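These are notes for a colleague who is opening this entry for the first time. Please read them with the structure in view.

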Amino acid sequence: MDRIKITGGKRLKGTIAISGAKNAALPLMIASLLTSDTLTLKNVPNLADVLQLGRILRNHGTDFTISGKRPGKKQMQGETFLLTSRDIWDTTAPYEMVSKMRASFWVLGPLLAREHKARVSLPGGCAIGTRPVDLHLEGLKKLGAKIELEDGYVIARAPRGGLKGGKISFPLISVGATHNCLLASVLARGETVIENAACEPEIGDVARCLVKMGAKIEGIDTHTLKIEGVDQLEGAVHTVLPDRIEAGTYAMAVAATGGDVFLEGAVPETLQAALDLMEQAGVTIKVKKGGIQVSRGRTKLKPVHVETEPFPGFPTDLQAQFMAMMLRAKGTSSVRETIFENRFMHVAELMRMGAKIALSGDRAEITGVDELIGAQVMATDLRASASLVIGGLVARGDTIINRVYHLDRGFERIEEKLSACGAKIERLSE
Ligand code: EPZ
């Protein structure tokens, strides 16, 4: 199993090109189930999760190929995926697949919409929380779906003639339930209104792609989506938006080590809450043409308080990295995690490196320390792993991160990107 070795203490300096967003690429790929034409997705990050979803879609009947990269810019451009779901020959998403990648549960909506039936395994819990899917199912029921649970599977059927528009009002904001219901409603008969929809930039990206495919959607990027169902969708060409979580992670890495890095392609509006907070902490952020410049000189960071929230609030997917960054502050910062009940797995690992963090329920107090010391640590989930990388970059001596496959699920070529900015980081393959 691969490990990553980091020798800390180097300031980061240079340019990092931000990849396409994993959390947009996944539902965009799933959207290809809605048409028999080809959906061409550009700037898709080359990540374990994305390739795994490609295999899952093949199982449903999608012809999935990766075309060449743009000549001359091989390193900086994502992949181009061609997805054609001419015929869906299997409407079952088995446990072995959904349990490995939760986002594959989102095939439920499109399969129901196009094939009028689906059998999709319940995903189960994961390292960051129980993560139920009740909101997905309640939402789809509002579109007329009949849903039963059997042997750990959701067995769903559309009424005769297919799903019909309805009013979905979510009691709490869920990214996945919004994706699932949006992807189902575009082919439902009549109008659907989704209230209290998540408005994460990745949902806007999917909605814009669906519009290119012929869907009728109003209220994109807001908490209320209005969808007028159409009979069929067509192929389209769409470029995946840049990954705000990757950009935020590197911004926090620079803030932690000190230095000066241009995040090429980063879109400031998609991570404003994180940028504001970093500025409050004393990090210099400059929005420039084509990206964001992040720098910190020799002055220490100031402590700040943050609560994770749905977009446009501070993202839970940056909470772990934020903690690692604030270990460099003079004083005590605090975090309240409001989205997932168990998203502090990185704390014990950071403490192995000398971090001072006190946990109490959904809150954590992070007290800046004079130095972190390199150690052997274990990646527990994707974003937790990123916080360990930040810890390793500032720690004295060597840090070895085990279970790197978590990182590979969501950070494209992380060693390469950080090395190019002066970090001493290498992959130890076994
Ligand atoms: C998406 O997960 C992301 N995953 C997560 O990123 C991200 O952390 C999360 O949204 C929040 O922003 C992808 O985009 C692939 P939710 P999702 O439904 O859709 C509760 C990463 O590291 N809930 O918005 O699963 C749920 O338990 C991943 O890239 C219900 O109660 O998140 C949680 O407390 C990790 N019932 C809250 O809502 C439901 O039916 C928000 O979850 C659904 C959700």
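1. Start with a proline in a loop. Pro312 is exposed, because its relative accessible area is 57% and exposed means over 50%. Pro312 sits in the loop between strand S18 (305-307) and helix H10 (319-326). The peptide bond that leads from Phe311 into Pro312 is cis, and its omega is near 10°. For a sense of distance, Pro312 and Ala127 are 185 residues apart along the chain, and their C-alpha atoms are separated by 25 Å. Please keep in mind here and below that this is a predicted model.

2. Next, the chain as a whole. The protein chain has 14 helices and 24 strands. Its C-alpha atoms fill a box of roughly 65 × 50 × 40 Å along the principal axes. A compact globule with 430 residues would have a radius of gyration near 22 Å, and the protein chain agrees with this because its own value is 22 Å. Of the 430 residues, 58% count as buried.

3. Two residues with a positive phi deserve a look, and neither of them is a glycine. For Asn43 the phi is about 60°. Asn43 belongs to strand S3 (residues 38-44), and it counts as buried because its relative accessibility is 16%, where the limit for buried is under 20%. For His116 the phi is about 70°. His116 is in the loop between helix H4 (108-115) and strand S7 (117-121). With a relative accessible area of 31%, His116 is partly exposed.

4. Strand S4 (residues 63-67) can be followed through two of its residues, Asp63 and Ser67. Asp63 has 48% relative accessibility and so counts as partly exposed. Ser67, at 29% relative accessibility, also counts as partly exposed. What separates the C-alpha atoms of Asp63 and Leu83, given that they are 20 residues apart along the chain? The separation is 5.7 Å. Ser67 and Ile16 are 51 residues apart in sequence, and from C-alpha to C-alpha they are 24 Å apart in space.

5. Now the ligand and the residues around it. There are 22 residues around the ligand, and those that come nearest are Asp134, Ser174, Val175, Asp317 and Ile339. By type, the shell divides into 11 nonpolar, five polar and six charged residues. Domain 1 (3-18 + 242-428) and domain 2 (22-239) each give at least three residues to the shell.

6. Oxygen atoms of the ligand take part in several short distances to the protein. One is 3.1 Å from an N or O atom in the side chain of Asn23. With Pro132 the partner is a polar backbone atom, and the distance from a ligand oxygen is 3.2 Å. With Ile339 the partner is again a polar backbone atom, at 2.5 Å from an oxygen atom of the ligand. On its own the ligand has 820 Å² of accessible area, and the protein covers 86% of that.

7. Which elements give two or more residues to the shell around the ligand? They are helix H1 (22-31), helix H5 (134-142), helix H6 (175-185) and helix H12. The largest share comes from H5, which gives three residues.

8. Helix H12 also merits a separate look. Helix H12 spans residues 382-394 and is mostly covered, with 13 of its 13 residues buried. At the start of H12, a side-chain oxygen of Asp381 reaches to within 3.0 Å of the backbone nitrogen of Arg383. The helix thus appears twice in this note: as a buried element and as one of the contributors to the shell around the ligand.

Notes
Residues numbered from 1 in each chain as written. Predicted model: local features only at pLDDT ≥ 70, side-chain atom pairs only at ≥ 80, totals over all residues. Heavy atoms only, no water. Buried < 20%, exposed > 50% of the residue type's maximum accessible area, 1.4 Å probe, protein only. Helix = DSSP H or I, 4+ residues; strand = E, 2+ residues; numbered from the N terminus. Polar contact = N/O pair within 3.5 Å; in protein donor to acceptor, adjacent residues only side chain to side chain. Near = heavy atom within 4 Å. Areas by Shrake-Rupley, 256 points an atom, 1.4 Å probe, with all protein chains shown as cover. Nonpolar A, V, L, I, M, F, W, Y, C, P; charged D, E, K, R; others polar. Domains from an automatic or database assignment. Rg over C-alpha atoms; globule rule 2.2 N^0.38 Å.
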